[in-house]
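Welcome, and please open the model in your viewer. We will go from the whole chain to single side chains, with something to select at each stop.

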Amino acid sequence: MERDTVVKEVVEALKIFSRDIRTQIDEMGSQLRAEIQDTANQLRAEIQDTANQLRAEMQDTSNQLRAEMQQFRAEVNERFDRLEQKFAGLRVELTETQETVHFLASKTIQHEKKLHHLAKQLEFIR
């Protein structure tokens, strides 16, 4: 009987030990789940912070590009205005040159007519 009692006590001790181990495993599982959840929350927060930083940087870059584009447009418009002014000046000069050429051409024709007339008079006198 003593043997049965010893076996029963050993079995009972094993049951108690088994319950203790299960309890410890459950506690460790709970701790592990909590740590995993904490890590997941931290990762989510870090990802969200990174996403916010990226959005802010993208917005800054977009604003900077818009400003640069506006400045570029202003410079291009200014250069086109200057070119238009130069072309307008060239047109005026070309028109004046054409008028001068026409004037000189008409004077040349007049002088040629006079010279021709004088040449005829000289021939007549001789």
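One definition before we select anything: a residue is called buried under 20% relative accessible area, exposed over 50%, and partly exposed in between, with a 1.4 Å probe and protein chains only. This is a predicted model, in which local features need pLDDT of at least 70 and side-chain atom pairs count only at pLDDT 80 or more, while totals for chains, interfaces and linings use all residues. Residues are numbered from 1 along each chain as its sequence is written, and side-chain values use heavy atoms, with hydrogens and water left out.

**The whole chain**

Start with a cartoon view. The secondary structure comes to 1 helix and 0 strands; helices (H or I, at least four residues) and strands (E, at least two) are DSSP runs, numbered from the N terminus. Helix H1 covers residues 2–125.

Now show the C-alpha trace, which spans about 180 × 20 × 10 Å along its principal axes. The radius of gyration of the protein is 53 Å, whereas a compact globule of 126 residues would have one near 14 Å. That radius is taken over C-alpha atoms, and the globule rule is 2.2 Å times the number of residues to the power 0.38.

Two distances are worth drawing. Join the C-alpha atoms of Arg91 and Ile36: they are 80 Å apart in space and 55 residues apart in sequence. Then do the same for Leu54 and Glu123, which are 69 residues apart along the chain and separated by 100 Å.

**The surface**

Switch on the surface. About 12400 Å² is exposed, and carbon and sulfur atoms supply 59% of it; these areas come from the Shrake-Rupley method with a 1.4 Å probe, and for residues only the protein chains shown count as cover. How many of the 126 residues count as buried? The share is 0%.

Select Arg91, a residue of helix H1. Arg91 is exposed because its relative accessible area is 55%. Leu54 also has its place in H1, but it counts as partly exposed because its relative accessibility is 47%.

**A nonpolar patch**

Next, select Phe80, Leu83, Phe87 and Leu90. Together they form a nonpolar patch on the surface with about 410 Å² of accessible area. Patches are made of residues with over 30% relative accessible area and no salt bridge; like charges are joined within 9 Å, and nonpolar side chains (Val, Leu, Ile, Met, Phe, Trp, Tyr) within 5 Å. Leu90, at 48% relative accessible area, is partly exposed.

**The salt bridges**

Side chains of opposite charge can pair when their charged atoms come close. Counting a salt bridge as a side-chain nitrogen of Lys or Arg within 4 Å of a carboxyl oxygen of Asp or Glu, there are 2 here.

Show Arg82 and Glu78 as sticks: their closest N and O atoms are 3.2 Å apart. Which stretch of helix separates Arg82 and Glu78? They are separated by about one helical turn, because they lie 4 residues apart in helix H1. Arg82 is partly exposed at 43%, and Glu78 is partly exposed at 45%.

Finish at the salt bridge of Glu12 with Arg19, where the closest N and O atoms are 3.8 Å apart. Glu12 has 39% relative accessibility and counts as partly exposed; Arg19, at 45%, is also partly exposed.
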